2 protein chains.
Amino acid sequence: MSKEIGITSKKSEDFSEWYTQVVIKAQLADYAPVKGLIVLRPYGYSIWEFLKSSVDQKLKATGHENAFLPVLIPESLLSREATHFAGFTPEVFWVTYSGDSEIGDRLALRPTSETLAYSMYSKWIKSWRDLPLKINFWNSALRAEIKATKPFLRTSEFLWQEGHTVHAEKEEAENEVTSILEMYRKTVEEELAIPVILGKKSDKEKFVGAIYTTTMESIMPDGKALQMGTSHFLGQNFSKPFDVKFLDRQNVETFAWQTSWGISWRLIGALIMVHGDDKGLVLPPRVAPIQAVIIPIYSSQEDKDSVLNKASEIKENISKGGIRVHLDSRDEFTPGYKFHDWEMKGVPLRIEIGPKDLSKNKVVLARRDNMKKTDVAFEVLVDGTINALNDIQSDLFARAKTILSSKTKDVTEFSQFKKEIENGMFVRSPWCGSQKCEETIKEDTGADIRVIPFDAKSSEFPCIVCKSPSKTTAMFARGY
Amino acid sequence: MSKEIGITSKKSEDFSEWYTQVVIKAQLADYAPVKGLIVLRPYGYSIWEFLKSSVDQKLKATGHENAFLPVLIPESLLSREATHFAGFTPEVFWVTYSGDSEIGDRLALRPTSETLAYSMYSKWIKSWRDLPLKINFWNSALRAEIKATKPFLRTSEFLWQEGHTVHAEKEEAENEVTSILEMYRKTVEEELAIPVILGKKSDKEKFVGAIYTTTMESIMPDGKALQMGTSHFLGQNFSKPFDVKFLDRQNVETFAWQTSWGISWRLIGALIMVHGDDKGLVLPPRVAPIQAVIIPIYSSQEDKDSVLNKASEIKENISKGGIRVHLDSRDEFTPGYKFHDWEMKGVPLRIEIGPKDLSKNKVVLARRDNMKKTDVAFEVLVDGTINALNDIQSDLFARAKTILSSKTKDVTEFSQFKKEIENGMFVRSPWCGSQKCEETIKEDTGADIRVIPFDAKSSEFPCIVCKSPSKTTAMFARGY
């Protein structure tokens, strides 16, 4: 494979350029003609489909249903909850014309659907019998990005799911917030092999309009933290302006308790950054469109026939074992080219088979994550492949967990705090709880409170900034 | 069930009002705050998911892949193919602002994605090795509707899939057009139990920018024809302006051959119209979110316990048989209310169980389509349910087929033609092939050529309008 086709930047040297090259050259996504927008190519979309299917199944198993909302929201409706509207208004795309006709009440392209969903819910919910209402929407959100585009991480339209639930009881709503976040954690850790930290956002960082926001965070190899999913407790902040109320069992009209939550294709960005290497993408087997690729190796026509026959047979068997396997029988490329091509695309396992392997009734299994090769006999190949894929999945997670630990630092002095942030660390420090100290940190270091972990302990040390007694321990980093 | 909750219009008396009531009261969809837009509620979305899954599987089995395109298309790009642009421009929603900033090159909300997809394809395709490229997009299209909204049939945003393929050979592209239309027919006839007629559109009615359009049509009970899916041969009409070309095996740069095709949630509209009755929706089992509903019947507490126990056991067994079954154990409603509620929602099969049934080790199966009741013994209940669902599916199709036949008329005289169109018939008549005669028919009767069936024979009779020799036989009707 020529230099030009492969990844030409090193992850450790120019992370940003490396990331972009992996996205484009592994054919995950491409830039659309409009600045800030990307197209998701089939290979990238297929990863999204595996992630989507995993979340969708879990949602349905817990009584959630899917539905569809239009992308257009009238300005009058969007502005009904004032704080919420103010939070989104600089990023809103506005439709002002249909054909040649100017539209009176401008239409916003959905930045998020709370307002539209709840104006519908207020029509649909009459009594306690209609609750809980738990609806999820697989759609896209549109938020005009002013900064430079970063595929999956910063684009003006992104694929996501947004869930919106309504409950009769406050406690039930808060349980929903928690169990959704836990479902996200399970999905991200088990499917994407990325360890995360769960907790709350500070009031400054919470979702505009929420009582509080719970979040799932991780730190990327470049030292920037990534918010990987959020679950919001909305209380009655929306049910009051949107009139989402019900007759309770005592026939008393009551405002409902609400939640909203979402994950997006940003998780694909995390996947690339956490597991990728200088050769390109490294996909965890659970979300890999192709889990194993068979590369036949031959030089003579005679060898070609026997190798290809066996390769087809192997493909058949492995496929029956439930593995997504591809036989690369392209004649116009050398095995070496194919090795690099599939490595760049992150296929977890390569199965090499040549005349010598054939004579010994075995193949070579090559792992993408650690490049290790093993001989595996034909007769145990299906089990051997399954085991190797399981090993890769758990090794990727273990490795990412070690990195997360090594990038997490407990700090109690502000001078060291600044240094560790500069080093791209996820810094855990005592905090007094005041927004003023949060702002000081932001100004001095560029770091935000990413998450106040659920298991955070109050510290014996004082606030990292003002030295007054700390209320809790928060995790700080610069963010995406 | 009170009159107000049930359907209050008759299908035979006020079809339009009946249709709207079924959509709203069966909770398939609701009106959004913006005129012309609807929200798809979970029950309606679930039907869409079954349809989608059926099509998606067939597409993947034939080598198509899914991907994602943004909803925003720059005006400059949309206008690159002039006829195409002219066809859509009156219906386009225009984004002119992002936040407070005016946008230079206005952005169209996707009315269809040919232009955007092909501007990407021209970057991705280099050689014959990259072909065929067969990509499908599950998204929504936006076309501002000026006429009154009709849920599923006429809305300014609608869910659909659009497929866009690129081929090295003309013949291969034309085969794709045909095989996609055949896949649509199979899906609609087998899943939705709606018989269709396949053929070509006239040049006047074809997709703007296509060489020709093939279509799948049917006639609705109100005598209006419905276009249920189209598959277009684009030739090189787009590959030339969008520069979709490849190096062929002789290393010669060649413009590619293209197709595009789509079906939408309009098919849910067809489903409602074709199978529904005065009690509401009638769902074919293959796409019914709930295929069988169990209604327990009791008056005493003692009966309640034994009936509910048995009902749960039955639910468990039937569910294991692969049937989507729901036990309606709501205590606050009478069995009679529940009967009407689920009838309105079109659940194909009702399973009634009361103390008398219990003592005889049987249940009552009630079919939604023909309201017939049968006793079925516990021990054969799973098979009995499966058989009944299969019978309903095929009976619905047979019934719809009979209706389609009875509404199809062969006519050779224009006076009779006018009468039959007025009667809401699907009229098959000889046609000379001229657009002038098509226009005369449209002016005089409001009917269009809906489809020139693939099996149309040239007629011995002259053109229905101008009396010159006919070229073919076409099917005319007023349309949605």
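Into which domains is chain A divided? In this predicted model, chain A falls into domain 1 (15-275), domain 2 (290-388) and domain 3 (408-479). A distance of 41 Å separates the C-alpha centres of domain 1 of chain A and domain 2 of chain A.

The secondary structure of chain A comprises 13 helices and 23 strands. With a radius of gyration of 25 Å, close to the 23 Å given by the globule rule for 480 residues, chain A is as compact as a globular protein of that length. The C-alpha trace of chain A extends over about 80 × 55 × 50 Å along its principal axes. Buried residues make up 49% of the 480 residues of chain A. Turning to contacts within chain A, and considering those between residues at least 6 apart in sequence, 68% join residues that are at least 24 apart.

A helpful place to look next is the interface with chain B. Here, 42 residues of chain B are in contact with 42 residues of chain A. On the side of chain B that touches chain A, strand β5 (residues 93-98) of chain B gives the most, contributing 6 residues. That side of chain B is made up of 28 nonpolar, 7 polar and 7 charged residues. Strand β5 also takes part from the other chain: β5 (residues 93-98) of chain A pairs with β5(B) in the antiparallel sense, over 5 bridges. Readers following this pairing in the structure can start at Phe93(A), which stands opposite Ser98(B) in β5(B).

For a view inside chain A, Ala256(A) makes a convenient example. This residue sits in the loop between β13 (253-255) and β14 (257-264) of chain A. Is Ala256(A) buried or exposed? The count of other C-beta atoms within 10 Å of Ala256(A) is 31; a residue is buried if that count is 20 or more, so Ala256(A) is buried. Leaving aside residues up to four places away in sequence, Ala256(A) touches Ile125(A), Leu131(A), Val166(A), His167(A), Ala168(A), Ser239(A), Val244(A), Lys245(A) and Phe246(A). Phe238(A) lies 18 residues from Ala256(A) along the chain, and the C-alpha atoms of the two residues are separated by 9.1 Å.

How values were computed
Residues are numbered from 1 along each chain as its sequence is written. Chains are lettered from A and ligands numbered from 1 in the order in which they are written. This is a predicted model: local features need pLDDT of at least 70, side-chain atom pairs count only at pLDDT 80 or more; totals for chains, interfaces and linings use all residues. Helices (H or I, at least four residues) and strands (E, at least two) are DSSP runs, numbered from the N terminus. The radius of gyration is taken over C-alpha atoms; the globule rule is 2.2 Å times the number of residues to the power 0.38. A residue is buried if 20 or more other C-beta atoms lie within 10 Å of its own, exposed if 12 or fewer, and partly exposed in between; C-beta atoms are placed from the backbone. Two residues are in contact if their C-beta atoms, placed from the backbone, lie within 7 Å. Ala, Val, Leu, Ile, Met, Phe, Trp, Tyr, Cys and Pro count as nonpolar, Asp, Glu, Lys and Arg as charged, and the others, Gly among them, as polar. Two strands pair if DSSP finds at least two bridges between them. Domain bounds come from an automatic or database domain assignment.
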